[in-house]
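User: Got a minute to go through this one with me? I'd like to talk about charged pairs, cysteines and the core.

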Amino acid sequence: MPAAEREICGLVNGLASQIGAHVRERAVKLGLTAAQATALRELTGPMTMSELADRMDCEPSNATVVVDRLESRGVLERRPHPTDRRAKQLILTPDGADLRKRLLELLSEESPLAALTPEEQGVLHDLLQRAIVRRA
């Protein structure tokens with residue numbers, strides 16, 4: 001592996017660690033685990049457990065544990081899927097939507113990416129997306 005690639009990998013790992021620490025720190029303020037915060041962040045609309053697990057980059061069984069806890073807290077519900085009778089959709093409750101909004105506000109405060117302009121964040125997004133797509 002060329003030195004430049006090794007350095008990029010180190011930088012990406014460092015950024016991922018900073019983002020993880022940031023999420024954990026902010027999640028605690030809302031009485032959430034990092035996994036619960038990640039699930040709430042990724043619940044951008046109704047989705048299946050499998051879609052959420054993909055977004056969380058975890059196994060569906062792990063996402064199920066997280067969803068069970070969020071459901072018991074009253075922030076999301078499982079409802080029948082409108083077109084697939086075998087699946088359930090995960091939907092935020094009004095309390096869940098409020099909690100997600102507060103979480104997103106907290107995550108934007110002092111974010112590890114805040115040092116980048118919106119344009120730079122866009123470039124980083126595009127580059128990371130290209131690198132990830134090539135790998136898949």
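User: Is R86 buried or exposed?

Analyst: R86 counts as exposed, at 74% relative accessibility. For that label, buried is under 20% relative accessible area, exposed is over 50%, and partly exposed is in between, using a 1.4 Å probe and protein chains only. Bear in mind this is a predicted model, where local features need pLDDT of at least 70, side-chain atom pairs count only at pLDDT 80 or more, and totals for chains, interfaces and linings use all residues. Residues are numbered from 1 along each chain as its sequence is written, and side-chain values use heavy atoms, with hydrogens and water left out.

User: Which residue does R86 form a salt bridge with?

Analyst: D84, with the closest N and O atoms 3.2 Å apart. A salt bridge here is a side-chain nitrogen of Lys or Arg within 4 Å of a carboxyl oxygen of Asp or Glu. D84 is partly exposed, at 23% relative accessible area. Elsewhere, E25, R26 and E110 are joined into one network by salt bridges that share partners.

User: How many salt bridges are there in the whole structure?

Analyst: A search of the whole structure turns up seven. One of them pairs D68 with R78, the closest N and O atoms being 2.7 Å apart.

User: Which parts does the D68 and R78 pair tie together?

Analyst: D68 sits in helix α4 (residues 60-72) and R78 in strand β1 (residues 76-80), so the pair links parts that are 10 residues apart in sequence. Helices (H or I, at least four residues) and strands (E, at least two) are DSSP runs, numbered from the N terminus. D68 is partly exposed at 35%, and R78 is partly exposed at 27%.

User: Switching to cysteines, how many disulfides does the structure hold?

Analyst: Zero, taking a disulfide as a pair of cysteine sulfur atoms within 2.5 Å. C9 is partly exposed at 36% relative accessibility, and C58 is partly exposed at 23%.

User: And the core: which residues touch the most other members?

Analyst: In the largest nonpolar core, with 24 residues, that's L32, L52, L70 and L90. A nonpolar core means buried Ala, Val, Leu, Ile, Met, Phe, Trp, Tyr and Cys residues joined through side-chain atoms within 4.5 Å. At least two residues of this core come from each of α1 (3-29), α2 (34-42), α3 (49-56), α4 and α5 (94-108).

User: What is L90 in contact with?

Analyst: Leaving aside neighbours within four places in sequence, the contacts (heavy atoms within 4.5 Å) of L90 include L43, M47, L52, V67 and R78.
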